[in-house]
Amino acid sequence: MYKYYKRKTPEPPTSTDVMNNSNIGEPQVDLENLPADPGLRRKISEYHPNIRDEVRRAYILKGPCQPIKHKFPQRDIGGAKRKFNEDWFTRYKDWLEYSIEKDAVFCLCCYLFRSDIGKQGSGESFVGKGFTSWNKQNRLDMHVGGPASAHNLALQKCKDLMKREQHIMHKRSDKAKCDYRTRLLASIDCVRFLLCQGLSFRGHDESESSSNKGNFLELLKFLADHNESIDNVVLQNAPGNLKLVAPDIQKDISNAAAQEVVSTIIKDIDGDYFAILIDESRDVSIKEQMAIAVRYVNIRGEIIERVIGIVHVSDTTTLSLKGALDSLFTKYNLTISRVREQGYDGASNMRGEFNGLKTLIMKENSSAFYVHCFAHQLQLTLVAIAKNHDEVASLFYLIGILTGVVGASCKRHDMLRDEHVKIIRKAMEDGELITGKGLNQEINLKKAADTRWQSHYGVLLNLMVLFPSVINVLDAICESGSNSEHRVQAKDLLEKLQTFDFIFGVILMKNVRGVTNELSHALQKKDQDIVNAMDLVRISKEKSYDEE
């Protein structure tokens with residue numbers, strides 16, 4: 001990581017600076033999302049000359065595309081079934097790449113510097129169409145050639161490219177290098193803290209006169225105030241063009257941290273089997289995104305779930321989602337052949353029998369079984385039942401109106417709390433309530449979430465406890481409401497809440513939801529197995545029949 005950020009030194013203008021210069025018309029390139037599969041890459045010559053070295057450096061940092069334990073397809077060669085030999089990754093680890101898209105191998109260093117070298121050692125095969133003669137391993141050695149071969153010259157160019165900035169740093173004094181390192185580590189520490197806490201980086205006003213320049217700059221200033229060695233080299237004491245606090249620097253460090261985290265996760269999987277969990281969501285800028293998580297068992301036998309990427313998708317069609325998943329897998333050298341479970345929601349583009357993402361993955365790997373989350377299925381079932389029974393839907397509709405009326409203002413909220421305190425105090429004086437630490441806490445009428453039917457159970461419990469207080473508040477609104485509309489609304493609620501049908505419905509749904517609430521929590525346990533889950537469903541059904 002340290003070597004990577006030395007490219008922000010002021011002496012040579014980087015190609016990132018060139019890309020950000022609006023006076024130069026070359027298109028910008030997202031270096032973090034360059035195609036990892038060698039069969040899908042653009043030629044280096046197709047990039048603008050000012051950014052080619054940045055593209056090369058990004059590919060070198062990623063390393064060769066080597067999907068470990070991929071299910072390599074067989075093909076008929078000379079009357080025998082042959083396929084790519086995974087051991088070649090170990091023997092030619094510095095340059096050999098495999099394309100899942102083309103079922104062919106390529107040379108990374110020759111791809112990066114092919115335009116500068118001539119044909120030698122079947123070099124064209126390792127750059128253009130790819131090498132597929134699995135029965136001729138000697139061709140790989142021929143491609144490498146001797147010390148002055150085209151391949152080794154390209155490999156040396158890759159090494160020189162990565163050392164170029166190191167040479168610049170070596171020319172500086174030891175003190176300048178030490179100051180630079182201290183400044184960089186201070187910025188990295190601030191970024192790590194903000195990322196771990198999930199806090200924003202930027203401030204509304206980051207000018208020198210601002211009293212609050214945002215979390216990143218304020219945290220860096222805090223570090224400087226409490227550490228003299230940091231204070232001597234950051235902010236005002238740093239060179240004007242080498243402060244390492246610019247937004248681009250913050251983003252670069254964040255991206256590097258994300259890459260390190262994902263690399264650790266991939267290393268922990270260690271080429272073993274894993275499950276994928278995918279969901280769709282929109283961010284605050286109304287962009288459709290796909291969140292991808294993996295579940296696997298580590299070397300200690302622990303079940304681990306980790307998010308490995310959030311990918312922007314242009315649309316949520318099955319093919320778009322599959323393409324985004326393939327791109328992410330290729331980027332991190334993962335392969336569909338190691339997937340043993342798929343987990344999505346119930347959307348048709350995800351679990352469709354004919355064209356869903358589940359089906360496309362199972363066509364490549366029949367062992368990637370689809371499992372619909374039991375807790376999610378339970379929620380969908382409860383929602384469907386509620387919509388099919390007018391009495392249940394009417395009950396929660398009325399509770400929703402009640403929540404809005406009683407909690408419409410801070411004054412009514414305080415009135416409800418005061419009424420509840422009076423009832424609690426009287427019950428404690430009469431010895432009707434047990435007192436103790438954590439008992440008789442303040443509660444309120446909560447608003448139920450439409451997509452989380454577990455929340456309905458909490459609403460019913462609170463309503464039953466607060467019911468006398470709610471009646472008193474509605475009486476008060478009827479007598480002293482601010483306008484006739486509020487008084488009429490409170491009077492109507494008062495009549496409906498005290499009917500037998502409403503009270504019976506609340507008690508019935510509280511008992512039924514109590515059973516399903518326990519089941520929902522049990523189904524969401526990490527160590528739950530499918531056999532036990534089916535037993536829990538059966539027991540819950542029996543309890544529901546008993547409640548009825």
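**Close-up views of a predicted model**

Ile507 sits in helix 20 (residues 500–523). This is a predicted model, in which local features need pLDDT of at least 70, side-chain atom pairs count only at pLDDT 80 or more, and totals for chains, interfaces and linings use all residues. Residues are numbered from 1 along each chain as its sequence is written, and side-chain values use heavy atoms, with hydrogens and water left out.

**View A. A nonpolar surface patch includes Ile507.** Met464, Ile503 and Ile507 make up the patch, with about 230 Å² of accessible area together. Patch members have over 30% relative accessible area and no salt bridge; like charges are joined within 9 Å, nonpolar side chains (Val, Leu, Ile, Met, Phe, Trp, Tyr) within 5 Å. A salt bridge here is a side-chain nitrogen of Lys or Arg within 4 Å of a carboxyl oxygen of Asp or Glu. Areas come from the Shrake-Rupley method with a 1.4 Å probe; for residues, only the protein chains shown count as cover. Ile507 is partly exposed, at 39% relative accessibility. Buried means under 20% relative accessible area, exposed over 50%, and partly exposed in between (1.4 Å probe, protein chains only).

**View B. Five strands form an open sheet.** The strand order is 7-6-5-8-9, with mixed pairing. Strand 7 (303–312) and strand 9 (369–370) are the edges, each pairing on one side only. Strands are DSSP runs (E, at least two residues), as are helices (H or I, at least four), numbered from the N terminus. Two strands pair if DSSP finds at least two bridges between them. Strand 6 (residues 288–297) runs antiparallel to strand 7 over 9 bridges. Gln289 faces His312 of strand 7 in this pairing.

**View C. Strand 8 has parallel pairings with strand 5 and strand 9.** Strand 5 and strand 8 are joined by 4 bridges. Phe274 has Val339 of strand 8 as its bridge partner. Strand 8 and strand 9 share 2 bridges. There, Glu341 is partnered by Phe369 of strand 9. In a regular strand, side chains alternate between the two faces of the sheet.

**View D. Helix 14 lies across three strands.** Helix 14 (residues 357–364) covers strand 5 (274–282), strand 8 and strand 9, and runs at about 175° to strand 8. Axes are lines fitted to C-alpha atoms, for helices over the stretch in contact; angles run from 0 to 180 degrees between N-to-C directions. Ile361 belongs to helix 14. Ile361 is buried, at 0% relative accessibility. Leaving aside neighbours within four places in sequence, Ile361 is in contact (heavy atoms within 4.5 Å) with Ile276, Lys322, Leu325, Ile336, Gln342, Tyr344 and Ala368. The C-alpha atoms of Ile361 and Gln342 are 8.8 Å apart, with the two residues 19 apart along the chain.

**View E. Leu244 has a positive phi without being a glycine.** Its phi is about 60°. Leu244 lies in the loop between helix 10 (228–231) and helix 11 (247–269). Leu244 is buried, at 4% relative accessible area.

**View F. Asn333 also has a positive phi and is not a glycine.** The value for Asn333 is about 55°. Asn333 occupies the loop between helix 12 (318–331) and strand 8 (339–343). Asn333 is partly exposed, at 25% relative accessibility.

**View G. The whole protein has 21 helices and 9 strands.** Of its 548 residues, 41% are buried. The protein exposes about 31,000 Å², with carbon and sulfur atoms supplying 52%.
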